[in-house]
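User: I have a structure I'd like to go through with you. I'll paste it here, and then I'll ask about whatever catches my eye.

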Amino acid sequence: MNASSNDLTVRDVTVAYGQTEVVRKLSIDIPQHQLTALVGPNGCGKSTLLKAIARVLPIQSGQVLLGSAPVHTMPTRQVASILGFLPQGPIAPEGLSVRELVAQGRFPHQSLMRQWSSADARAVDQAMAATNIADFADRPIDHLSGGERQRAWIAMVLAQDTPILLLDEPTTFLDLKVQVDIMRLLQRITHDASKTILIVMHELNIAAAFADHLIMMRAGRVRASGDVLSVFTERNLSAVFDLDARVLTSPENGRPVCIPSVA
């Protein structure tokens, strides 16, 4: 496959639960080798869109494209070589070790003709090293803290060795310090390993601090998309979140920061 096969685009996609349309004729381009944060109010269709891109949910109309190929008609193994997906709140079997969990990321590479290899073991070791979990590789997943557990899940997706990663709310319910650590990790993976990452988030200031590209959704549609400085504005926060807030510039990194009005 050529490089353009890693271009991820969504064209006029509609996704519904029963008769209720949750995503409506939505079109976006996900920039390569950037960390893109997808934000919006609860129920706006963020996670639904991500699941549709990952082929977890069917689409009613439109297309999700990798290059010029529709994702929903591509062979599963081919998609798994390009897209890695981490759902919200994944659950591991009780007693599974960190190494065993991360090794599951190599399953798309296995077949009757290709069993576990030194390349698979190397990919697992590299993924654990990248996420700083190698020191507790043999510890059961259910013995880890929330942040450590989330790093292990991210390592599993990394071990799949895909150019594109889709992550559904990987920082939700984590302490602020752990959220920052996870986002620093994802930022480093994006830039050092030239990955394309699309992440669904709720934490607006964390998204603005770490994302390269920002997409704001409301009621199943994209309301703003682009670089963080152009999208993270008082006008967009009001229109998308009904949020009365000031947007200031951080003296530390020049990133925008949202300060809600208390009046």
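User: Which element gives the most to the lining of the second largest pocket?
Analyst: That is α5, with 4 residues. Helices (DSSP runs of H or I, at least four residues) and strands (DSSP runs of E, at least two) are numbered from the N terminus. A pocket here is an open set of points on a 1 Å grid over the protein atoms alone, with protein on both sides within 12 Å along at least five of seven lines, and a lining residue has an atom within 4 Å of a point.

User: Before we go on, what kind of model is it?
Analyst: This is a predicted model, where local features need pLDDT of at least 70 and side-chain atom pairs count only at pLDDT 80 or more, while totals for chains, interfaces and linings use all residues. Residues are numbered from 1 along each chain as its sequence is written, and side-chain values use heavy atoms, with hydrogens and water left out.

User: OK. What lies nearest the centre of that second largest pocket?
Analyst: Gly89, Gln150, Thr172, Phe173 and Leu174, out of 15 lining residues. By class, the lining has 6 nonpolar, 6 polar and 3 charged residues. Ala, Val, Leu, Ile, Met, Phe, Trp, Tyr, Cys and Pro count as nonpolar, Asp, Glu, Lys and Arg as charged, and the others, Gly among them, as polar.

User: And how much space is in it?
Analyst: About 250 Å³ in the second largest pocket, taken as the space filled by probe spheres set on the grid points, which are joined across faces, edges and corners. The largest pocket holds about 290 Å³.

User: Which residues are closest to the centre of the largest one?
Analyst: Ala123, Gln126, Ala127, Leu158 and Asp161, of the 15 residues that line the largest pocket. The elements giving two or more residues to that lining are α4 (118-130), α5 (146-159) and α6 (176-192). Helix α4 gives the most, with 6 residues. The lining of the largest pocket comprises 8 nonpolar, 1 polar and 6 charged residues.

User: Asp161 caught my eye. Where does it lie?
Analyst: Aspartate 161 lies in the loop between α5 and β7 (164-168). Its phi is near 60 degrees, a positive value in a residue other than glycine. Aspartate 12, in strand β1 (residues 8-17), also has a positive phi, near 55 degrees.

User: Back to α4. What does Ala130 touch?
Analyst: Leaving out residues up to four places away in sequence, alanine 130 touches Leu158, Leu185 and Arg188, where contact means heavy atoms within 4.5 Å. Its C-alpha atom is 9.2 Å from that of arginine 188, which is 58 residues apart from it along the chain. Alanine 130 is partly exposed, at 29% relative accessibility. Buried means under 20% relative accessible area, exposed over 50%, and partly exposed in between (1.4 Å probe, protein chains only).

User: New topic: how many disulfides?
Analyst: The search of the whole structure finds 0, a disulfide being a pair of cysteine sulfur atoms within 2.5 Å.

User: Why is cysteine 44 not bonded?
Analyst: Because the closest cysteine sulfur, in cysteine 258, is 16 Å from that of cysteine 44, too far for a bond. Cysteine 44 is buried, with a relative accessible area of 2%. Cysteine 258 is buried as well, at 8%.

User: Which residues of α9 are buried?
Analyst: In α9 (residues 234-241), these are Asn236, Leu237 and Val240. They are on the same side of α9, because they cover an arc of only 100 degrees around the axis, taken from the directions from the helix axis to the C-beta atoms.

User: What covers them?
Analyst: The cover includes α7 (204-210), β9 (213-218), β10 (221-227), α8 (228-231), β11 (245-249) and β12 (256-260). After α9 comes aspartate 242, with a positive phi near 55 degrees.

User: You listed β10. Glycine 226 is in there, so to speak; is it buried or exposed?
Analyst: Glycine 226 is buried, with a relative accessible area of 10%. Apart from neighbours within four places in sequence, glycine 226 is in contact with His213, Leu214 and Val231. The C-alpha atoms of glycine 226 and isoleucine 215 are separated by 6.7 Å.

User: Last one: what does serine 47 touch?
Analyst: Serine 47, in helix α1 (residues 46-53), touches Gln88, Asp168, Glu169 and Val200, not counting residues up to four places away in sequence. Serine 47 is buried, at 16% relative accessible area.

Methods: On a 1 Å grid over the protein atoms alone, a cavity is a set of points where a 1.4 Å probe fits but cannot get out, and a pocket is an open set with protein on both sides within 12 Å along at least five of seven lines; lining residues have an atom within 4 Å of a point.
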